[in-house]
Amino acid sequence: MTGSTRLTVEKPDVRYDKQGEASDAERLEAATKAFVKDMGRAAAVYMESCIHCGNCAEACHFYVQTGDPKYTPIWKLEPFKQVYKREVGPFAWVYRALDLKHEVTVGELEEWQHLLYDSCTVCGRCSMVCPMGIDIATLISQARHGMFAAGLVPHELWAVAERGHREGSPLGATPNVFKERVEWLADDYEVAMPLDRPAADVLVTFSSIEIMKYPQSLVATAKILNRGGWSWTLSTKGYEATNFGLLSGNAGWQRETTLKLIKAAIACNAKILVLPECGHAYTALRWMGANVYGQPLPCRVLHISEFLAEGVQTGRIKLKKLAKSVTFHDPCQVSRRGGAVAAPRVVLEALGVELRETQDHGSLNWCCGGGGGVVTIHRADELRYKAFEIKMRQLDATGADIAATSCANCRQTFDDGQAHFKWDRTMHSLLELVAENLSDE
């Protein structure tokens, strides 16, 4: 694809949330400023480096399943590449003087909403295969900052992000709701779930999906930490790890969620903060948290799969053997973007299962199609289901008894795909498999 190619992108049903009175010029200026603000040296090098090889297209599940060139990952950044070339690039004055790159219009940004949100899970597979080392996924996230500033976030995604900012949880798991659910689960399952202890070695967090849809994950976590003898706590001041500020493109909301967790860890003097089975929560705190905080994080931050692996390796978690075959779906943000590929496999080995890997696994794993906020966007469902077919084919090909993952958002996407296709396979939680097979020794 050349820089002069102009592909037709179907204009989505656009909603200008919280900016209904802004003019097109004001929206465009807001988008441009937000994107230029992120334009550091690395982003500038990325913008200059594309050789139009097409490798990123073959790595994208949306392109592979449709064959539509508009889903080529690097093309999704075209309006912002135009802004870079025209406004801040080394030859910006030439581009402006000769109009080699025209000014981006609000109409173009409206069209590109579909490409930057509906058809990108920010899975990073394109970044991994780029021969020039362009981190396309990061650039997409930066472009979303501009889109949010212009009021061009898909309504469903904006709504859950705004609710998270307003209530502290995108799915309504407010501190009171969280406290009530913890007390109910502790009583119902007769398991100790310490809340707001003044001091603890381990602070445990959850995603709103787990709190509201998969509460068994909370029970499983408590059983494992209690059996292992950890000093641990939950905190009503910092329990919600879901970060829709990151997914929607609002850096302020992203920072707000991150700082709540950090402050909660400091308050109880935690040595370890355990993140839930949630991919983007891992990215937001483990890999972006220190930059948001402005200094090194005050404690170790581990994804729950890493915590379980360490528990197995140190002997604090002892497991019964599970005489089953298992295939594992690697969450993109944990395995590919986060590098925690080995941890779940350490746990599965301790369970004694026969691990049947999919054709593409580990850092090469195909995305489930629902990450990056895509699963919240209803108009993206048809496209998302096409991408999901890759996962169905690959998991079925393993013939494994059980499919497991360590991301509740992936699990939710699989549940939805199972219902849509009437698929006879259920995705299971790695965490819950561990809790169900704790040894009595």
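**Helix H1 and two positive-phi residues**

Helix H1 spans residues 24-37, and its 14 residues reach 20 Å from first C-alpha to last, close to the 20 Å expected at 1.5 Å a residue (the expected span being 1.5 Å times one less than the number of residues). Helices here are DSSP runs of H or I with at least four residues, numbered from the N terminus. This is a predicted model, with local features needing pLDDT of at least 70 and side-chain atom pairs counting only at pLDDT 80 or more, while totals for chains, interfaces and linings use all residues. Residues are numbered from 1 along each chain as its sequence is written, and side-chain values use heavy atoms, with hydrogens and water left out.

On H1, Arg27, Ala31, Ala34 and Phe35 are buried (under 20% relative accessible area, against over 50% for exposed and in between for partly exposed; 1.4 Å probe, protein chains only). Seen down the axis of H1, these buried residues fall within an arc of 95°, so they line one face of the helix; the arc is taken from the directions from the helix axis to the C-beta atoms. The face turned away from them carries exposed Ala25, Lys33 and Lys37. Cover for the buried side includes H2 (41-49), H5 (78-88), H7 (106-118) and H9 (136-149), with contact meaning heavy atoms within 4.5 Å.

Most residues other than glycine have a negative phi. Aspartate 99, in the loop between H6 (92-97) and H7, has a positive phi near 55° and is partly exposed at 47% relative accessibility. Valine 122, in the loop between H7 and H8 (125-129), also has a positive phi, near 55°, but counts as buried at 11% relative accessibility.

Definitions and conventions:
Helices (H or I, at least four residues) and strands (E, at least two) are DSSP runs, numbered from the N terminus.
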